[in-house]
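Q: I'm new to this one. Please walk me through it, starting anywhere you like.

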Amino acid sequence: MSVEPRVSVVVAVYNAGEYLEVLVGSLLAQSLAPGEFEVIFVDDGSTDGSGDRVEALAAAHPHMRAIHIPNSGWPGRPRNIGVDAARGRYVYFVDHDDWIAPEALERLADRADRNDADVVIGKEVAHGSFGVPLIQFARSIDDEPFPSDVLVALLTPHKLFRRSMLVERGIRFPEGRRRLEDHHFVIQAYFAARRISILADYPCYHWIERREKANATHLRIDPVGYYANMREILDIVDANTEPGDARDHLYAHWFRGKTLHKLRGPRWFASTLSRDARRLLDEVRHITADRFGPAIDRHVGLRYRIVASAVRSHNDALLATHARFTQGIGLDIGVRSIEPGPWRLDLDVDLALHGPDGVPLQFERRNGVTSWLPPVEFEDTAVGPGDLVVDDAELERTALNVLARHRGTWVTFHTSLPFGLKVSADGLMHAAGSARLAIDLATLAAGGPLPDGTWDLFVQFECCGWRGSRRIPGLEMSTAATQGLPTRPYVTSAGTLALVVEGSAAPRLTGPPEPAAPINPPLTSTDRLRRTARRLPRPVRRVGRAFLDLRPGR
């Protein structure tokens with residue numbers, strides 16, 4: 001291509017197998033013309049034929065290229081090589097086992113051009129056990145200043161980056177077997193960017209969890225190496241911020257999500273920890289002592305402040321009790337009434353976020369100080385009163401979210417609704433109460449209407465770091481109440497609430513593309529050697545008095 005493409009899509013490929021075909025199908029279906037984007041496949045020494053497949057794609061499609069390198073063992077090096085080879089105004093990273101929506105590249109590039117943005121974050125969709133933080137895609141934003149909770153909520157590299165910024169600032173992925181390499185790259189880009197935009201109303205990127213969980217994300221971590229890599233990211237933060245509250249708030253992202261959050265689940269219930277659990281806990285204690293001082297605790301929420309206290313005081317009993325308690329957090333919801341309307345749905349519900357004993361979380365205000373009242377099992381853990389204090393701002397952040405998930409595509413939109421803690425006659429506050437859920441379906445999709453299709457409805461309730469989610473129960477409605485509406489609620493066979501949308505002005509959502517048709521016959525390693533040989537001069541080599549003819553086919 002003689003004209004500079006708008007976007008260079010960089011795909012690190014290693015033993016992608018059948019997953020590669022769905023990605024290729026999505027690339028071939030892009031609304032952006034082939035001359036306006038290029039695809040650079042960097043084969044990281046595949047052994048399953050993926051290298052031959054991308055070579056065949058490059059031969060068949062002028063806007064695709066294939067680069068082959070010896071296996072590096074991790075995506076950092078192939079991604080860097082892809083950036084070095086890129087010619088586009090922007091670079092977009094896609095993993096070989098994921099896929100992108102038909103208008104993804106065009107919409108991302110248009111948004112970057114319109115806003116003169118150095119980074120554009122397109123809405124991501126998770127298929128499987130992964131989750132996408134709601135905060136990042138609540139609405140589209142033309143210029144989100146960094147640092148911000150919105151931007152650090154999701155540090156995957158599946159974003160559009162201005163190539164000149166990456167090159168001029170020397171922003172690269174760390175190479176070799178590295179953890180958190182995505183964070184390392186994205187945080188550098190955030191600090192370097194003049195403007196960062198978020199495209200929340202169109203689902204651009206679809207993560208697919210591989211059935212065999214063979215990708216790098218699922219490999220068991222080495223705690224020593226993991227936290228050594230995290231220290232390098234914190235060094236980047238230090239180099240770009242001054243000591244103080246703003247830096248502490250940014251540090252809290254890794255302290256909460258990548259350190260304290262790992263100390264959850266059944267592995268921590270035992271009175272004697274396994275060797276792997278002990279190794280992890282030791283490293284958590286080391287990095288907490290080295291990099292996460294007590295000043296950061298105020299930024300992580302009550303749930304994680306209790307874990308931080310257990311880590312610092314070597315209180316394994318508190319750690320185990322808290323892990324058991326958190327594992328048993330649940331959400332009860334009862335629906336008293338449903339009132340459907342054109343592009344509107346009003347629900348009267350009763351909610352309770354509770355512990356394993358079924359009792360809602362309780363808080364007490366005494367002498368101007370509000371504290372959580374833990375259940376009786378915490379009595380023998382030596383948890384300090386100061387560890388249970390909650391400031392008013394944290395309680396005010398109690399979040400009630402209504403989520404709509406599209407069947408077939410897993411695209412999820414949400415809205416946040418106000419909710420106040422229930423105050424009982426004895427003055428205690430409870431994470432429970434009645435609420436009127438007034439859902440505006442005309443703006444639920446990041447400010448726009450829900451697209452056509454069937455949507456399952458969920459509620460998510462979060463208080464002080466503990467969270468419960470579940471499907472909204474259904475309630476029978478008369479046919480007359482929903483007849484003729486463009487948004488029709490109904491009760492599923494499982495007794496939950498769903499919604500059918502027809503006639504929406506929003507772009508129609510599409511499921512996974514058809515896998516790319518194979519190029520017959522597929523290239524093998526031998527085929528590729530022969531093809532290369534045909535492009536070479538026909539040499540002869542003298543052996544003694546005779547000549548050995550090396551021309552193909554002889």
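**A first tour**

A: The side chain of Asn229 comes within 2.8 Å of the backbone nitrogen of Arg179. That's a polar contact (N or O atoms within 3.5 Å, one able to donate a hydrogen and the other to accept it; sequence neighbours count only if both atoms are side-chain atoms).

Q: Before we go on, what am I looking at?

A: It's a predicted model: local features need pLDDT of at least 70, side-chain atom pairs need 80 or more, and totals for chains, interfaces and linings use all residues. Numbering starts from 1 along each chain as its sequence is written, and side-chain values use heavy atoms, with hydrogens and water left out.

Q: Okay. Where is Asn229 found?

A: Asn229 is in helix H8, residues 223-240. Helices (H or I, at least four residues) and strands (E, at least two) are DSSP runs numbered from the N terminus.

Q: Why does Asn229 count as buried?

A: Because its relative accessibility is 10%, and buried means under 20% with a 1.4 Å probe, protein chains only.

Q: What about Glu38, which strand does it lie in?

A: Glu38 lies in strand E2, which covers residues 37-44. Glu38 counts as buried because its relative accessibility is 0%.

Q: What does the side chain of Glu38 contact?

A: The side chain of Arg65, through a polar contact of 2.9 Å. A polar atom of the Glu38 side chain also lies 2.8 Å from the backbone nitrogen of Arg87.

Q: New topic: sheets. What's the order in the one with 5 strands?

A: E13-E12-E11-E17-E16, an open sheet with antiparallel pairing. Two strands pair if DSSP finds at least two bridges between them.

Q: Which strands stand at the edges there?

A: E13 and strand E16 (422-423). Each has a single partner strand, so one side of each has no neighbour in the sheet.

Q: How do E11 and E12 fit together?

A: Strand E11 (residues 362-366) and strand E12 (residues 369-372) pair in the antiparallel sense over 4 bridges. They form a hairpin with 2 residues between them, and Asn367 in the turn has a positive phi of about 55 degrees. Across the pair, Arg366 is opposite Val369, and Phe363 has Trp372 as its bridge partner.

Q: And how many bridges join E12 to E13?

A: 2 bridges, with E12 and strand E13 (residues 389-390) running antiparallel. Thr370 faces Val390 across that pairing.

Q: What about the sheet with 3 strands, what's its order?

A: E9-E10-E18, again an open sheet with antiparallel pairing. Strand E9 (330-341) and strand E18 (432-440) are the edge strands, each pairing on one side only. Strand E10, residues 344-354, pairs with E18 over 9 bridges, and Leu347 stands opposite Leu437 in E18.

Q: Last thing: how many cavities of 30 Å³ or more are there?

A: The count is 1. A cavity is a set of points on a 1 Å grid over the protein atoms alone where a 1.4 Å probe fits but cannot get out; lining residues have an atom within 4 Å of a point.

Q: How much space lies in the largest cavity, and what lines it?

A: About 40 Å³, taken as the space filled by probe spheres set on the grid points, joined across faces, edges and corners. The lining includes Leu260, His261, Arg264, Tyr304 and His322. Helix H11 (302-312) and helix H12 (316-327) each supply at least two lining residues, and H11 gives the most, with 3.

Conventions:
Buried means under 20% relative accessible area, exposed over 50%, partly exposed in between (1.4 Å probe, protein chains only). On a 1 Å grid over the protein atoms alone, a cavity is a set of points where a 1.4 Å probe fits but cannot get out, and a pocket is an open set with protein on both sides within 12 Å along at least five of seven lines; lining residues have an atom within 4 Å of a point.
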